[in-house]
Amino acid sequence: MRKICLALLTCTLLFAASAYAKECKKTYGDGEVFSIATGSPGELGLLEVLADAFNAKHGSAMCWKKAGSGASLMLLKEKDVDAIMVHAPAAEKKAVSDGWARNRQLIGSNEFYIVGPKDDPAGIKGAKSVAEAYKKISDAKALFLSRGDNSGTHKKEMAIWKKAGVDPSGDWYVTTKDFMMATLLRADKDKAYFMTDSSTWVAGKKDIENLDVLFKGDMFIVNTYHGLCQPEGATKGTDLGCAFIEFVGSDEGQSIIREYGKKMYGESMYNDKEYAKQYDH
């Protein structure tokens, strides 16, 4: 009987470990675990550098759950993560006012680029606004890829279509339900228009053959990133999650953000919060 119990316990622990591994896209560090959900900063490696610096000070370990801004907010609301880094300002403010998030802090920014085929069949290069660029794409029925995943990118895209007076539909408008880099690479393969964040473009442009940046600079398509964490005592890792958000906003965290990407790509992938303040509303 004792052997059977030990065998069952071992199986239970192995199953739990397996389930936990599936929950975490990656785990950084070796210590008390806290969890964070984010998209681009994790996907492009910035989160790992921030996590390593933070964990060295706290003897902690970070579980990263890969999710777009909408999904990250839902994970926070359902208490499935301790903290998030997102770019969906209206939804973030509502989360704080509704009481299931706190410590909302500006941590930096990047911007969106509209990329497309080098011959620019929709003629968006001369557009005076991002809404005009989208209207030109719609009028030309030029192939456009949308993530369609309720991420911050998707929400911004839909806001632009609304400004353009367009309800996008038809064979030219394709939803991928995929992450930023995967959709960018598909757009390159299909020679389609797509709205990518500047960080993903910097990281991925070495693999891009058919696309150019055709429109940028409209203030409406600048992303400001904020960190949020759980209300006090809401989850086991709340204290570490909130401390991590504080760290990202500190001088050390901001220095990491300013420098990230320069060695790999020759330019920074993100702007710090001081730069981002001009776009924060």
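Biologist: Let's start with one residue. Which residues does Y173 touch, not counting those up to four places away in sequence?

Modeller: Keep in mind that we're looking at a predicted model. In it, Y173 touches F144, S146, E157, M158, W161 and P168. As for its place in the fold, Y173 sits in strand β7, residues 173-175.

Biologist: Is Y173 buried or exposed?

Modeller: Here the cut-off helps: a residue is buried when its relative accessible area is under 20%. Y173 has 14% relative accessibility, so it counts as buried.

Biologist: And how far is Y173 from Y265, in sequence and in space?

Modeller: They're 92 residues apart in sequence, and their C-alpha atoms are 32 Å apart in space.

Biologist: Okay, how do I read a nonpolar core?

Modeller: In soluble globular proteins, nonpolar side chains tend to be buried together. In this model, the largest nonpolar core has 65 residues, and the members touching the most others are I124, Y134, I137 and F244. There's another core apart from it, with 13 residues, including A67, L73, V81 and A95.

Biologist: Can we zoom in on one member? What is I137 in contact with, leaving aside neighbours within four places in sequence?

Modeller: Its contacts are I114, A122, I124, A142, F144, W172 and Y193. You've met F144 already: Y173 touches F144 too.

Biologist: What about empty space inside? How many cavities of 30 Å³ or more does a search of the whole structure find?

Modeller: It finds 3. The largest holds about 120 Å³ of space. Its lining has 18 residues, and G39, S40, G68, H87 and R147 are the closest to its centre.

Biologist: Which helices and strands each supply at least two residues of that lining?

Modeller: Those are α2 (40-43), β4 (83-86) and α7 (152-164). By type, the lining of the largest cavity splits into 6 nonpolar, 9 polar and 3 charged residues.

Biologist: And the second largest cavity? What lines it?

Modeller: That cavity contains about 70 Å³ of space. Around it are P41, L46, M85, I107, G108, S109, Y225, I257, Y270 and N271. Strand β5, residues 102-117, gives the most to this lining, with 3 residues. Here the split is 7 nonpolar, 3 polar and no charged.

Biologist: Next up, helix packing. What do I look at?

Modeller: Two packed helices are described by the angle between their axes and the distance between the axes. Take α10 (residues 238-249) and α11 (residues 251-259): they pack at about 65 degrees, with axes 4 Å apart. On the α10 side, F247, V248 and G249 make the contact, while α11 brings D251, E252, G253, Q254, I256 and I257. Sorted by type, the residues of this contact are 4 nonpolar, 3 polar and 2 charged. By the way, I257 also lines the second largest cavity.

Biologist: Last one: how should I read a positive phi?

Modeller: Most residues other than glycine have a negative phi, and most peptide bonds are trans. K79 has a positive phi, near 60 degrees, and K79 isn't a glycine. You'll find K79 in the loop between α4 (69-77) and β4. K79 is partly exposed, with a relative accessible area of 43%.

Biologist: What about K191: what is its phi, and where is it found?

Modeller: K191 has a positive phi of about 55 degrees, and it isn't a glycine either. It belongs to the loop between α8 (180-190) and β8 (194-197). Exposed means over 50%, so K191, at 51% relative accessible area, counts as exposed.

How values were computed:
Residues are numbered from 1 along each chain as its sequence is written. This is a predicted model: local features need pLDDT of at least 70, side-chain atom pairs count only at pLDDT 80 or more; totals for chains, interfaces and linings use all residues. Side-chain values use heavy atoms; hydrogens and water are left out. A nonpolar core is a set of buried Ala, Val, Leu, Ile, Met, Phe, Trp, Tyr and Cys residues joined through side-chain atoms within 4.5 Å. Buried means under 20% relative accessible area, exposed over 50%, partly exposed in between (1.4 Å probe, protein chains only). Contact means heavy atoms within 4.5 Å. On a 1 Å grid over the protein atoms alone, a cavity is a set of points where a 1.4 Å probe fits but cannot get out, and a pocket is an open set with protein on both sides within 12 Å along at least five of seven lines; lining residues have an atom within 4 Å of a point. Grid points are joined across faces, edges and corners, and a volume is the space filled by probe spheres set on the points. Ala, Val, Leu, Ile, Met, Phe, Trp, Tyr, Cys and Pro count as nonpolar, Asp, Glu, Lys and Arg as charged, and the others, Gly among them, as polar. Axes are lines fitted to C-alpha atoms, for helices over the stretch in contact, and angles run from 0 to 180 degrees between N-to-C directions.
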